[in-house]
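Here is my note on the model you sent. The points cover how some of the helices pack, then the pocket.

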Amino acid sequence: KKTPLPPLQLPRLAWEPRKDETGIIDGAWPVLQRLHEQLLRQGLDPAMAKRVCQLAADTLGYETAMDGRKVADHLRNQLEAHIKVIREASIKSGQVICMIGPSGAGKTSFSAKLAVRYRNELKRSVAWVCADTVRTGGIAEARAFTEAINIPMKVAYTPAECSAIVDSLVGTDLIIVDTPACNPRREESLIETGSLLTSLPGRSTWVVVPATAKENDLSNTIGAFSVFKPRGLVVTKMDETNSFGPVYNIG
């Protein structure tokens, strides 16, 4: 007769919520409890998930609490209240916006979308400064976008050139500076990005990150770029994932 093996003791995974954080929400109906579990599966911070669901349990009436759509709307409104959104119309005239981010984040594609929105829908003047001269095809991609949008594009190979170009564009409502990819784990890369940004003292810096990145990498990127005092966070590639908890947690 074979001796049975002892039960396998698996360590708790770093991303696995603790039992006390995923427990039953006080006063929660089944609909709310299911939504709470869904938020945790999305990767939302357990403390935030507990907070918004507990508030819903304490404030919603019986009929509303039994309606999944209304409960979901209530939770969505709570979560949205914690996000400050920059509206295009709120961008001041003459604004210089520098897009920074790691490789493959989607800085150039987002810059094009912002330019289209500002140029075609808001009827403002836009200029594009391509400082992404290291990446193969970076200049060609920027030129293709700007020609399609019908906006001027200038190429800057050094911080001094970038500063001079921006100064020459006085009177333009929005100047978009598309910077080279910055590796947040390499000091040399951060120094190069810092030199470019320092040459534009009046700029507004936006960090661009993909929604597909791991939460730890997102946190490290935001932490490394915090020295540049960014004014906005752009999340790209949201159509390539169905888990938005990590990007919400860093917002």
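1. Contact here means heavy atoms within 4.5 Å. With that cut-off, M48, V52, C53, L55, A56 and T59 of α2 touch H74, L75, Q78 and L79 of α4. Seven of these contact residues are nonpolar, three are polar and none is charged. Keep in mind that this is a predicted model.

2. Next, the geometry of that pair. The axes of α2 and α4 lie 10 Å apart, at an angle of about 130°. Angles over 145 degrees would count as roughly antiparallel. At about 130°, α2 is therefore oblique to α4. The crossing of α2 past α4 is right-handed.

3. Now α1 against α2. Helix α2 covers residues 46-59. Its axis and that of α1 are 10 Å apart, and the packing angle is about 160°. That angle is why α1 counts as roughly antiparallel to α2. Here too the crossing is right-handed.

4. Which residues of α1 meet α2? They are L32, H36, L39 and L40. On the α2 side, the partners are P46, A49, K50, V52, C53, A56 and A57. By class, the contact of α1 with α2 holds nine nonpolar residues, one polar and one charged.

5. The third pair is α1 with α4. Their axes are 10 Å apart and meet at an angle of about 45°. Angles under 35 degrees would count as roughly parallel. These two helices are therefore oblique to each other. α1 passes α4 in a right-handed crossing.

6. V31, L32, L35 and L39 of α1 make this contact, together with G68, V71, A72, L75 and L79 of α4. Eight residues of the contact are nonpolar and one is polar. How many are charged? None.

7. Some residues serve two helix pairs. L32 and L39 of α1 meet α2, and both also appear in the contact with α4. In α2, V52, C53 and A56 meet α1, and these three residues meet α4 as well. In α4, L75 and L79 are in the contact with α1, and both also meet α2.

8. Turn to the largest pocket. It holds about 1,600 Å³ of space. Its lining is made by 46 residues. Nearest its centre are I83, V85, V235, M238 and Y248.

9. Which elements give two or more residues to that lining? The helices are α1 (30-41), α4 (68-81), α5 (107-121), α9 (215-225) and α10 (245-250). The strands are β5 (204-210) and β6 (232-236). So α1 and α4 pack against each other, and both also contribute to the pocket lining.

10. What is the chemical make-up of the lining? It has 25 nonpolar residues, eleven polar and ten charged.

Conventions: Residues are numbered from 1 along each chain as its sequence is written. This is a predicted model: local features need pLDDT of at least 70, side-chain atom pairs count only at pLDDT 80 or more; totals for chains, interfaces and linings use all residues. Side-chain values use heavy atoms; hydrogens and water are left out. On a 1 Å grid over the protein atoms alone, a cavity is a set of points where a 1.4 Å probe fits but cannot get out, and a pocket is an open set with protein on both sides within 12 Å along at least five of seven lines; lining residues have an atom within 4 Å of a point. Grid points are joined across faces, edges and corners, and a volume is the space filled by probe spheres set on the points. Helices (H or I, at least four residues) and strands (E, at least two) are DSSP runs, numbered from the N terminus. Ala, Val, Leu, Ile, Met, Phe, Trp, Tyr, Cys and Pro count as nonpolar, Asp, Glu, Lys and Arg as charged, and the others, Gly among them, as polar. Axes are lines fitted to C-alpha atoms, for helices over the stretch in contact, and angles run from 0 to 180 degrees between N-to-C directions. Angles under 35 degrees count as roughly parallel, over 145 as roughly antiparallel, 65 to 115 as roughly perpendicular and the rest as oblique. A crossing is left-handed if the near helix is turned anticlockwise from the far one by less than a right angle, and right-handed if clockwise.
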